[in-house]
Amino acid sequence: MLNGDSNKMKEIIITKAEDVKGTREDEIIYLLGSKEGNGKNTLYKNMEIVVTDGATGRINNIPLSNNSGYNPKLIIEKFKIEKNKEILFILENADGTGYISGEIFDFDGDNVVRVFSTDYFSNENSFEVNYVDNNIVDLIDSRRDVIYKINLEFKGKKYLDEIYNENGKVKKRVKGRVLPVENISLVKDTSTDIMDILLTQKIVGKSDSDVLGNIDTLVKFNGTNFVVKNIAVSIIGEKVSGSINRENEYKCYNYDFSNLEFIESEEISNLRIERAIEKEFLLNPSRDKVRYLYNKLSLSKNKDNVLVYIEGPRFCSNNGCTLVVLEDKDNEYNILSKVENIINPIIISDDKSYGYKNIIVRVLDNNKDEFRVLKYNGNSYPRNPLKEEKLKKGRKINGIAVISDDLFYRRGIEYK
């Protein structure tokens with residue numbers, strides 16, 4: 001506990017030592033608050049940040065817009081092109097929804113300035129979600145005068161029949177919404193070594209559990225303010241602007257891929273994905289040379305998954321590289337399955353096993369190119385595809401082919 005009446009009954013939750021004032025001396029940065037409960041269920045209340053000047057010992061108290069919640073984090077990084085670093089505070093809201101709030105604080109001498117907050121971001125970047133005729137949802141970004149078209153056919157006939165008549169007309173007005181920020185990731189701009197912010201939000205339809213896709217918004221400092229640099233919309237495995245025609249490349253395999261949509265991988269690095277594979281494989285950024293490609297999609301009802309194709313000496317052989325299937329749980333990505341020695345693209349079939357879609361992968365068996373069907377067994381997908389069922393010749397495949405990039409030209413995202 002720190003001295004001073006204002007800090008009575010408060011515990012030190014987090015301590016950091018970094019130069020946040022540009023004095024070339026490390027300030028001591030404390031996050032203070034009271035605690036209720038234990039472990040992951042600990043609720044923190046009445047939090048504030050206290051900064052002790054490394055040169056003078058002077059104390060600055062920083063009040064927080066949202067000072068009660070779960071899993072608080074203090075991240076000290078350079079978000080602006082200045083000699084000092086800034087303080088990023090992240091908190092999971094106390095209402096148990098899993099939404100995230102964040103704010104960045106900067107020092108101007110001894111004065112504290114809030115230079116970014118998710119509350120301000122949400123107010124400035126609102127979307128409309130409207131169901132319109134022909135099985136389409138319009139995601140309207142009126143601030144940038146952009147409309148994203150979401151094709152709802154992946155939702156199935158029963159879902160569509162509740163909303164549309166036999167002529168594809170909306171029976172009654174239905175509106176969805178974009179949920180508050182659910183994740184904050186950091187992306188380093190390698191040209192400046194400045195950290196940009198990646199904010200993730202869900203697009204939902206009839207209810208908050210009816211997930212239609214995700215919005216990833218990259219925010220960076222432009223010299224004056226934090227502004228939106230890029231917006232990527234992912235629609236349950238369908239990348240709105242990234243659809244490509246690769247059907248002709250696979251005609252030689254004697255399968256009917258005419259109903260497949262080929263989707264290229266995402267282009268923005270994802271810190272949550274990197275932390276998940278780092279934890280699972282005990283990666284060391286200074287030692288392990290790793291690149292990855294990924295797509296977000298749903299393999300099972302109301303599940304948010306990510307397919308990650310990992311390249312690097314530890315993950316590849318002459319027969320292919322490693323596929324990792326992640327599942328979002330409690331706002332973290334957990335490893336659902338690892339599949340070795342496969343070649344992209346990865347086909348997500350409409351067929352299911354134990355409620356999860358089958359995954360069709362391309363493999364080399366005695367130097368012969370083949371496709372194998374991976375079926376969920378109730379716990380995971382099989383690790384060794386060569387032991388699994390061969391895809392029958394001439395079969396018509398319905399679904400989506402993700403990570404369909406030509407790897408001769410596309411190297412993937414570098415893990416750092």
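The exercises below, each with a worked solution, concern a predicted model of a protein.

**Exercise 1. Judge the confidence of the model and find where pLDDT stays under 50.**

Solution. Begin with the overall score: the average pLDDT of the protein is 85, and 91% of the residues reach at least 70. Next, look for the weak stretch. Over residues 237–245 pLDDT stays under 50; for this stretch the model has 29 contacts beyond four places in sequence.

**Exercise 2. State the domain assignment and describe how domain 2 and domain 3 are placed.**

Solution. The assignment gives domain 1 as 11–117, domain 2 as 126–234 and domain 3 as 246–415. The centres of domain 2 and domain 3, taken over C-alpha atoms, are separated by 24 Å. Contacts between these two domains involve 15 residues of domain 2 and 11 residues of domain 3.

**Exercise 3. Describe the two ends of helix 3 and the packing of its buried residues.**

Solution. Step one is the N-terminal end. Asn270 caps helix 3 there, with a side-chain oxygen 3.0 Å from the backbone nitrogen of Arg272. Step two is the residue that follows the helix: Leu282 has a positive phi, near 55°. Step three is burial. Within residues 271–281, the buried positions are Arg272, Ile273, Glu274, Ala276, Ile277 and Phe281. The elements against which these buried residues pack include strand 13 (183–189), strand 20 (291–297) and strand 23 (332–353).

**Exercise 4. Decide whether Ile273 and Ser269 are buried or exposed, and list their contacts.**

Solution. Buried means under 20% relative accessible area. Ile273, in helix 3, has 0% relative accessibility and therefore counts as buried. Leaving out residues up to four places away in sequence, Ile273 touches Tyr292, Tyr294, Val306, Val308, Leu326 and Tyr333. The C-alpha atoms of Ile273 and Ile335 lie 9.9 Å from each other, although the two residues are 62 residues apart along the chain.

Ser269 belongs to the loop between strand 19 (260–263) and helix 3. Its relative accessibility is 15%, so Ser269 counts as buried too. Beyond its neighbours within four places in sequence, Ser269 is in contact with Val187, Leu198, Glu274, Tyr292 and Ile413.

**Exercise 5. Count the aromatic pairs and classify the pair of Phe281 and Phe315.**

Solution. The count comes to 6 aromatic pairs. In the pair of Phe281 and Phe315, the ring centres are 4.8 Å apart and the planes meet at 90°, so the pair is edge-to-face. Because Phe281 lies in helix 3 and Phe315 in the loop between strand 21 and strand 22, the pair ties together parts that are 34 residues apart in sequence. Both Phe281 and Phe315 are buried. Elsewhere, one aromatic cluster is formed by Phe116, Phe221 and Phe226.

**Exercise 6. Identify the rings over which the charged ends of Arg272 and Lys155 sit.**

Solution. For Arg272, the ring is that of Tyr333, with the charged end 4.2 Å from its centre. For Lys155, the ring is that of Tyr159, and the distance to its centre is 5.2 Å.

**Exercise 7. Examine the backbone at Arg24, Asp145 and Pro345.**

Solution. Most residues other than glycine have a negative phi, and most peptide bonds are trans. Arg24 has a positive phi, near 65°; it is found in the loop between strand 1 (11–18) and strand 2 (27–36). With 80% relative accessibility, Arg24 counts as exposed. Asp145 also has a positive phi, of about 60°, and is placed in the loop between strand 10 (136–141) and strand 11 (146–151). With 71% relative accessibility, Asp145 counts as exposed. Finally, the peptide bond from Asn344 to Pro345 is cis, with omega near 0°, and Pro345 lies in strand 23.

Definitions and conventions. Residues are numbered from 1 along each chain as its sequence is written. Side-chain values use heavy atoms; hydrogens and water are left out. Buried means under 20% relative accessible area, exposed over 50%, partly exposed in between (1.4 Å probe, protein chains only). Helices (H or I, at least four residues) and strands (E, at least two) are DSSP runs, numbered from the N terminus. Contact means heavy atoms within 4.5 Å. A polar contact is a pair of N or O atoms within 3.5 Å; within protein, one must be able to donate a hydrogen and the other to accept it, and residues adjacent in sequence count only if both atoms are side-chain atoms. pLDDT is the predictor's confidence in each residue, from 0 to 100. Rings of Phe, Tyr and Trp (its six-membered ring) pair if their centres lie within 6.5 Å; planes under 30 degrees apart count as stacked, over 60 as edge-to-face and the rest as tilted. A charge sits over a ring if NZ of Lys or CZ of Arg is within 6 Å of the ring centre and within 35 degrees of the ring normal. Domain bounds come from an automatic or database domain assignment.
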